[in-house]
Amino acid sequence: MPKSKNLSRRRVIIASSALGLVAAPFVRGAHAAGKLSVGLWDHWVPNANDATQALVKEWADKEKVDVTVDYITTQANKLLLTGAAEAQSKSGHDILAHTSFLPARYAEQLVPVSDLMTELIKTNGAVNGTVEYLGKVGGKWLAIPATAGSQIKGPCSRIDYMKQFAGIDVQAMYPVGAPPKADDWTLDTFLKAAEACQKGGKPFGIGVGNTGDSTDTIGAIFHSFGAMLVNEKGDITVKTDGVRQALDYYKRLMKFLPGDVSAWDDASNNKFLIAGQGSLIMNPPSAWAVAKRDAPQVAEQLWTHGFPAGPKGRYAPFVPFFWGIWNFSKNIPAAKSLLMHLSQPASIEKMVVASGGYDLPSFEKLTTLKVWAEAEPPKGTLYHYPNPYNHQILSVAAAPAPHKIAEQINTANIQCQMAVRYYNGEALEKTLAWASNEVEGFMRN
């Protein structure tokens, strides 16, 4: 996912108005006054931060709180480094955005928010299993699933190329306003389509490199084979039939991908699609959004839809952001109140619209907002992006391993490294032995 903004850190001070106090949940009386410092992800979509900024100001004016908002980029790991520095120094923001595995990493330093999540689930519906796995540790919710930045990295296909080379009508398979008709959209079909498109000169653009897009895709395909490197009990399960089947599948798939996919980063697949070189990539609607601006003739042919099903189910990678409250915050009640305000249905819809449909709420009642049905060109191209019919099981690479181990597997891109080693001619059992040793090392850390 390319980040089109060059701003690494932006600060906005919201001074409260002189309006009378309006009480909000979890903020009472004098506790509503004071200051609050918030660190949010700096959105790559132009002007998407404006919606969040307006919502924060709306809340600050009602609650008479002076709010400082910093927008912190994920480029060069600046958001990650900010969290690490604040956790170590026990100072900084009251609220900070965290990527997928970080709530568990900072479990001892975040304020439990089970009270908020109970209310939000009543209002917005249940969250998906990946959000619960990442955000709830030891029976306690440690952070609120953020709308801004959360995404599904599903297939984005060229309508014309898929018809021409693979004989697949992706619009008929995933029609606007109706459930998917995708019983035949399996990993076997996917492999045949990849071969056909490669022969037609427009191959699938799926990275097998050392960045997030590659890891998220292979993670979903591993889940589709029931392949995990470590199970939920912490047992190493590398040398199992599911893992062998997943690696065999990837070896066959990589024959039909561009030759340099092992070196791709998160911008490579986007550029490949926007340049008209490929028939399919795995991505949220970032490439489509850029194509609308820079290559409209490409955008008109793009359709975002569901993942192919494997022998153990139809999985799709979900990458959530979270908003967490540090336990060294001096205004925890106000921080909770602001997160409740940002998580109301009306607030969430404003953020989704401002992002052009890129941002995904994690709550089941909020996957059918009209922005996805109305997005164009072509009309309805994003309708199935938010998984409105629960057609897919949303997953994260390396789950269901214990968080400390899963984060290391994910960060080190172990599954991609396994696929590349095996594809390049290493014996399967040697690849499995290497991965097993790596995971054992993570457990000692």
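Okay, let me start in a loop: Pro-400 sits between strand 13 and helix 17, which covers 403–411. The reason I begin there is the backbone: going from Ala-399 into Pro-400, the peptide bond is cis, with omega near 10°. Keep in mind that everything I show today is from a predicted model.

There's another cis bond to look at. From Glu-376 to Pro-377 the peptide is cis as well, and there omega is near 0°. Pro-377 belongs to the loop that runs between helix 16, residues 370–374, and strand 13, residues 393–395. So strand 13 has a cis proline in the loop on either side.

Stay in that loop for a second. Asn-387 is also found between helix 16 and strand 13, and its phi is near 60°, a positive value in a residue that isn't glycine. Is Asn-387 buried or exposed? Its relative accessibility is 5%, and with the cut-off for buried at under 20%, Asn-387 counts as buried.

Now compare that with Ala-76. Here again we have a residue that's not a glycine, with a positive phi of about 60°. Ala-76 lies in the loop from strand 3, residues 66–72, to helix 2, residues 78–89. But Ala-76 is exposed, at a relative accessible area of 63%.

Let me zoom out before we go into the helices. The protein has 19 helices and 13 strands. For 445 residues, a compact globule would have a radius of gyration near 22 Å, and the protein has 22 Å, so the two agree. Along the principal axes, the C-alpha atoms fill a box of roughly 65 × 50 × 40 Å.

How much of the protein is buried? Buried residues come to 60% of the 445. The accessible surface is about 17100 Å², and carbon and sulfur atoms account for 51% of that. On contacts: take the ones between residues at least 6 apart in sequence, and 80% of them join residues at least 24 apart. And on charge, there are 44 positive and 40 negative, with their mean positions 2 Å apart.

Right, helices. Helix 9 is residues 212–224, so 13 residues, and from first C-alpha to last it reaches 18 Å, close to the 18 Å expected at 1.5 Å a residue. What I'd point out is the burial: helix 9 is mostly covered, with twelve of its 13 residues buried. Among the buried ones are Asp-213 and Asp-216, along with Ile-218, Ile-221, Phe-222 and His-223. Just after the helix, Gly-226 takes a positive phi of about 65°.

Helix 1 makes a nice companion. It runs over residues 48–63, which is 16 residues, and spans 24 Å end to end by C-alpha, close to the expected 22 Å. Its buried residues include Leu-55, Val-56 and Trp-59, but also Asp-61 and Glu-63. Right after helix 1, Lys-64 has a positive phi of about 55°.

Two glycines next. Gly-167 is in the loop between helix 6, residues 159–166, and helix 7, residues 170–173. Gly-167 is exposed, with a relative accessible area of 64%. Ala-193 is 26 residues away from Gly-167 in sequence, and 8.2 Å away in space, C-alpha to C-alpha.

The other one is Gly-92, in the loop between helix 2 and strand 4, residues 95–98. Gly-92 counts as exposed too, at 52% relative accessibility. Setting aside neighbours within four places in sequence, which residues is Gly-92 in contact with? Ser-37, Glu-86 and Phe-328. Gln-417 is 325 residues from Gly-92 along the chain, and their C-alpha atoms are separated by 37 Å.

I'll finish on His-305. It's in the loop between strand 11, residues 302–304, and strand 12, residues 315–325. At 2% relative accessibility, His-305 counts as buried. If you leave out residues up to four places away in sequence, His-305 touches Gly-154, Pro-155, Ser-157, Val-170, Met-173, Tyr-174, Trp-185 and His-384. Pro-175 is 130 residues from His-305 in sequence, yet the C-alpha distance is 9.4 Å.

How values were computed
Residues are numbered from 1 along each chain as its sequence is written. This is a predicted model: local features need pLDDT of at least 70, side-chain atom pairs count only at pLDDT 80 or more; totals for chains, interfaces and linings use all residues. Side-chain values use heavy atoms; hydrogens and water are left out. Helices (H or I, at least four residues) and strands (E, at least two) are DSSP runs, numbered from the N terminus. The expected span of a helix is 1.5 Å times one less than its number of residues. Buried means under 20% relative accessible area, exposed over 50%, partly exposed in between (1.4 Å probe, protein chains only). The radius of gyration is taken over C-alpha atoms; the globule rule is 2.2 Å times the number of residues to the power 0.38. Contact means heavy atoms within 4.5 Å. Accessible areas come from the Shrake-Rupley method with a 1.4 Å probe; for residues, only the protein chains shown count as cover. Lys and Arg count as positive and Asp and Glu as negative; His and the chain ends are not counted. The place of a charge is taken as NZ of Lys, CZ of Arg, CG of Asp or CD of Glu.
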